[in-house]
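Me: I'm new to reading protein structures, and I'd like a close look at a single part of this one. Could you take me slowly through what lies at its centre and how the pieces around it are arranged?

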Amino acid sequence: MCVNGLYKGSTQPNQRILYVTPYETQVRLIFMRLNEMIDGSPLLQEQVARRIKNPFMIEFKNGSAIMGFTTGASSGTGGASIRGQRADYIHMDEVD
């Protein structure tokens, strides 16, 4: 999931990749892994324009962005942060 998002964000211009999870902890872990992968790759480091922690976002020089949002763990308590967001790719993590 992380490799796919970094590949699409760094190679396809003006893409919006969303990671949507019920809990902020999950978004934080995803972005921790994304940042580890970027830090380990000089090629990716060169393509990243900026990284933001609140809200979770990685912007690329080609205009693409990876963003992380939460939906809330219980029904009816989340989703407002993703409402109205344009997305080319959405990766969702569900809790049973």
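**A look into the core**

Reply: Of the 15 residues that make up the largest nonpolar core, the ones touching the most other members are Leu6, Tyr19, Phe31, Leu34, Ile58 and Ile66. Helices H1 and H2 and strands E1 and E3 each supply at least two residues of this core. The largest share, five residues, comes from H2. Please keep in mind that this is a predicted model.

Let's step back for the overall layout. The protein has three helices and five strands, and along the sequence they follow the pattern α-β-α-α-β-β-β-β. Of its 96 residues, 35% count as buried. Among contacts between residues at least 6 apart in sequence, 64% join residues at least 24 apart.

Now for H2, the main supplier of the core. Helix H2 covers residues 24-39, which makes 16 residues, and reaches 22 Å from its first C-alpha to its last, close to the 22 Å expected at 1.5 Å a residue. Which residues of H2 are buried? They are Gln26, Val27, Ile30, Phe31, Leu34 and Ile38. These residues cover an arc of only 130° around the axis, which puts them on the same side of H2. You can try this on the structure by looking along the helix.

What covers that buried side? The cover over the buried residues of H2 includes helix H1 (2-11) and helix H3 (42-47), along with the strands E1 (16-21), E2 (48-52), E3 (56-60) and E4 (65-70). H2 lies across E1, E2, E3 and E4, and runs at about 30° to E3. Helix H1 lies across E1, E3, E4 and E5, running at about 155° to E1.

H1 also holds a residue worth a pause: Lys8 is found in this helix. Is Lys8 buried or exposed? Lys8 has a relative accessible area of 16%, and buried means under 20%, so Lys8 counts as buried. Not counting residues up to four places away in sequence, Lys8 touches Gln15, Ile17 and Tyr89.

Next comes the sheet. Strands of a sheet pair through backbone hydrogen bonds, either parallel or antiparallel. Here five strands form an open sheet in the order E2-E3-E4-E1-E5, and the pairing is mixed. E2 and strand E5 (89-92) stand at the edges, each with a single partner strand, so one side of each is left without a neighbour in the sheet. From one strand to the next, the twist averages 15°.

We can walk across this sheet, beginning at the E2 edge. E2 and E3 pair in the antiparallel sense over four bridges, and they form a hairpin with three residues between them. In this pair, Ile52 has Met57 in E3 as its bridge partner. E3 is then joined to E4 by four bridges, and these two strands also run antiparallel. They form a hairpin with four residues between them, and in the turn Gly63 has a positive phi of about 95°. Here Met57 stands opposite Met67 in E4, while the bridge partner of Glu59 in E4 is Ala65. Four of the five residues of E3 are buried, so this strand is largely enclosed by the rest of the structure.

Carrying on, E1 and E4 run parallel and are joined by six bridges. Leu18 stands opposite Met67 in E4. On the way to the other edge, four bridges join E1 to E5, which run parallel, and Val20 has Met92 in E5 as its bridge partner. Five of the six residues of E1 are buried, so E1 too is largely enclosed by the rest of the structure.

Finally, let's return to Tyr19, one of the core residues that touch the most other members. Leaving aside neighbours within four places in sequence, which residues is Tyr19 in contact with? They are Met1, Cys2, Gly5, Ile30, Phe31, Leu34, Ile66, Met67, Gly68, Phe69 and His91. Ile30, Phe31 and Leu34 in that list are among the buried residues of H2. There is also a second, separate core of five residues, which includes Leu18, Val20, Met67 and Phe69.

Terms used
Residues are numbered from 1 along each chain as its sequence is written. This is a predicted model: local features need pLDDT of at least 70, side-chain atom pairs count only at pLDDT 80 or more; totals for chains, interfaces and linings use all residues. Side-chain values use heavy atoms; hydrogens and water are left out. The expected span of a helix is 1.5 Å times one less than its number of residues. Buried means under 20% relative accessible area, exposed over 50%, partly exposed in between (1.4 Å probe, protein chains only). The arc is that of the directions from the helix axis to the C-beta atoms. Contact means heavy atoms within 4.5 Å. A nonpolar core is a set of buried Ala, Val, Leu, Ile, Met, Phe, Trp, Tyr and Cys residues joined through side-chain atoms within 4.5 Å. Two strands pair if DSSP finds at least two bridges between them. Axes are lines fitted to C-alpha atoms, for helices over the stretch in contact, and angles run from 0 to 180 degrees between N-to-C directions.
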